[in-house]
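Please examine the sequence and the structure shown below before attempting the exercises. Each task is followed by a worked solution.

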Amino acid sequence: MCNLTTLNIPPPSLFQYLTADVKPIATKSRKYSEEDKLFIAAETKRLLEEGIIEPSDSPWRAQEVVNKNEGRKKRMVIDYSQTINKFTQLDAYPLPRIGETVNKIAQYRVFSTIDLKSAYHQVPIKRSERQYTAFEANTSLYQFCRVPFGVTNRVAAFQRTMDNFVSNESLNDTFAYLDDITICGRDQAHHERNLERFLAAAKRNNLTYNEEKCVFSTRILSILDCSI
């Protein structure tokens, strides 16, 4: 699957619990190299075209940061540390315990692993909360329509979304850890039934995954830095 779609789910709340002293903050504009300006312009255009961001008239304004990963590939992230994150109370929703998840998966014999594409950017944001994600780019103001990197409760909101997806679709023998989903089976036939149910549910809910990074029907599995 190639095109990044919006999940067909009720938007989770990222900013349900804000501190009593919350007030809009517009941070000072930053200076960037010409190279970074070109990158920011290209990323902003892409995000607009994909419906991940939209123009904003919010009183909030954060600034973007251009980072490089280990492969020296650039990535634009928004620095919310001086804006909405200052007033956001932590969502305490827990991540699955890695050891317990591995022990459960180890009871099976056949596996498929699904790698979700740009996982946070598939999850919609409540329209009333989009204003909090506003940021400056190329002398204009934008806000996110889908969950951005950098906001305090993105991880908890995403894990809850995935857990609800697995539960609501009754996906037995399926384990979600953030953007990695493992479908298991006691034997090949059991696995194929579970995988078919997952793929059908993914289609219904507009769940987009990197097919080239997925592993289907394997009996040797490396997951969460553990081997099974």
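The exercises that follow concern a predicted model and treat its strands, its cores, its rings and some backbone angles.

**Exercise 1. The open sheet**

Task: Determine in which order the 4 strands of the open sheet are arranged, and which strands lie at its edges.

Solution.
Step 1. The order across the open sheet is E7-E8-E4-E9, and the pairing is antiparallel.
Step 2. Strand E7 (174-177) and strand E9 (215-218) each pair on one side only, and these are the edge strands.
Step 3. From one strand to the next, the twist averages 15 degrees.
Step 4. Strand E4 (residues 110-115) and strand E8 (residues 180-185) run antiparallel and are joined by 6 bridges. Within this pairing, aspartate 115 has aspartate 180 in E8 as its bridge partner.

**Exercise 2. Helices on the sheet**

Task: State which strands are touched by helix H3 and which by helix H4.

Solution.
Step 1. Helix H3 (residues 154-168) packs on the sheet and touches E7 and E8. The direction of H3 makes about 170 degrees with that of E7.
Step 2. Helix H4 (residues 188-204) also packs on the sheet, where it touches E4, E8 and E9. The direction of H4 makes about 140 degrees with that of E8.

**Exercise 3. The nonpolar cores**

Task: Identify which residues of the largest nonpolar core touch the most other members, and describe the second core.

Solution.
Step 1. The largest nonpolar core has 51 residues; Leu116, Phe135, Ile181, Phe198 and Leu207 touch the most other members.
Step 2. H3 supplies the largest share of this core, namely 5 residues.
Step 3. A second core, separate from the largest, has 6 residues, including Ile105, Phe111, Cys184 and Leu221.

**Exercise 4. The surroundings of phenylalanine 135**

Task: Establish whether phenylalanine 135 is buried or exposed, and describe its partners.

Solution.
Step 1. The relative accessibility of phenylalanine 135 is 0%. Buried means under 20%, so phenylalanine 135 counts as buried.
Step 2. Leaving aside residues up to four places away in sequence, phenylalanine 135 touches several residues, among them Ile53, Arg61, Met76, Ile78, Leu141 and Phe144.
Step 3. E5 and E6 pair in the antiparallel sense over 3 bridges, and phenylalanine 135 stands opposite tyrosine 142 in E6.
Step 4. Strand E1 (residues 53-55) pairs with E6, also in the antiparallel sense and over 3 bridges. Here isoleucine 53 stands opposite phenylalanine 144 in E6.
Step 5. Phenylalanine 144 has a relative accessible area of 4% and is therefore buried.
Step 6. The ring centres of phenylalanine 135 and phenylalanine 144 are 5.4 Å apart and the planes are at 35 degrees, so this pair is tilted.

**Exercise 5. Aromatic pairs**

Task: State how many aromatic pairs the whole structure contains, and classify the pair of tyrosine 120 and phenylalanine 149.

Solution.
Step 1. Searching the whole structure gives 9 aromatic pairs.
Step 2. The rings of tyrosine 120 and phenylalanine 149 lie 5.1 Å centre to centre, with 75 degrees between the planes. Planes over 60 degrees apart count as edge-to-face, and this pair is therefore edge-to-face.
Step 3. Tyrosine 120 lies in the loop between E4 and strand E5 (135-137), whereas phenylalanine 149 lies in the loop between strand E6 (140-144) and H3. The two residues are 29 residues apart, and the pair links distant parts of the chain.
Step 4. Tyrosine 120 is buried at a relative accessible area of 12%, while phenylalanine 149 is partly exposed at 25%.
Step 5. Phenylalanine 149 has a further partner: the charged end of arginine 75 sits over its ring, 4.1 Å from the centre.
Step 6. Elsewhere, ring pairs link Phe15, Trp60, Phe87 and Tyr132 into a cluster.

**Exercise 6. Positive phi values**

Task: Locate serine 118 and threonine 139, and give the phi value of serine 118 and of threonine 139.

Solution.
Step 1. Serine 118 lies in the loop between E4 and E5. Its phi is near 40 degrees, a positive value in a residue other than glycine.
Step 2. Serine 118 is partly exposed, with a relative accessible area of 36%.
Step 3. Threonine 139 is in the loop between E5 and E6, and its phi is near 60 degrees.
Step 4. The relative accessible area of threonine 139 is 78%, and the residue is therefore exposed.
Step 5. E5 and E6 form a hairpin with 2 residues between them. In this turn, asparagine 138 has a positive phi of about 55 degrees.

Conventions. Residues are numbered from 1 along each chain as its sequence is written. This is a predicted model: local features need pLDDT of at least 70, side-chain atom pairs count only at pLDDT 80 or more; totals for chains, interfaces and linings use all residues. Side-chain values use heavy atoms; hydrogens and water are left out. Two strands pair if DSSP finds at least two bridges between them. Axes are lines fitted to C-alpha atoms, for helices over the stretch in contact, and angles run from 0 to 180 degrees between N-to-C directions. Contact means heavy atoms within 4.5 Å. A nonpolar core is a set of buried Ala, Val, Leu, Ile, Met, Phe, Trp, Tyr and Cys residues joined through side-chain atoms within 4.5 Å. Buried means under 20% relative accessible area, exposed over 50%, partly exposed in between (1.4 Å probe, protein chains only). Rings of Phe, Tyr and Trp (its six-membered ring) pair if their centres lie within 6.5 Å; planes under 30 degrees apart count as stacked, over 60 as edge-to-face and the rest as tilted. A charge sits over a ring if NZ of Lys or CZ of Arg is within 6 Å of the ring centre and within 35 degrees of the ring normal.
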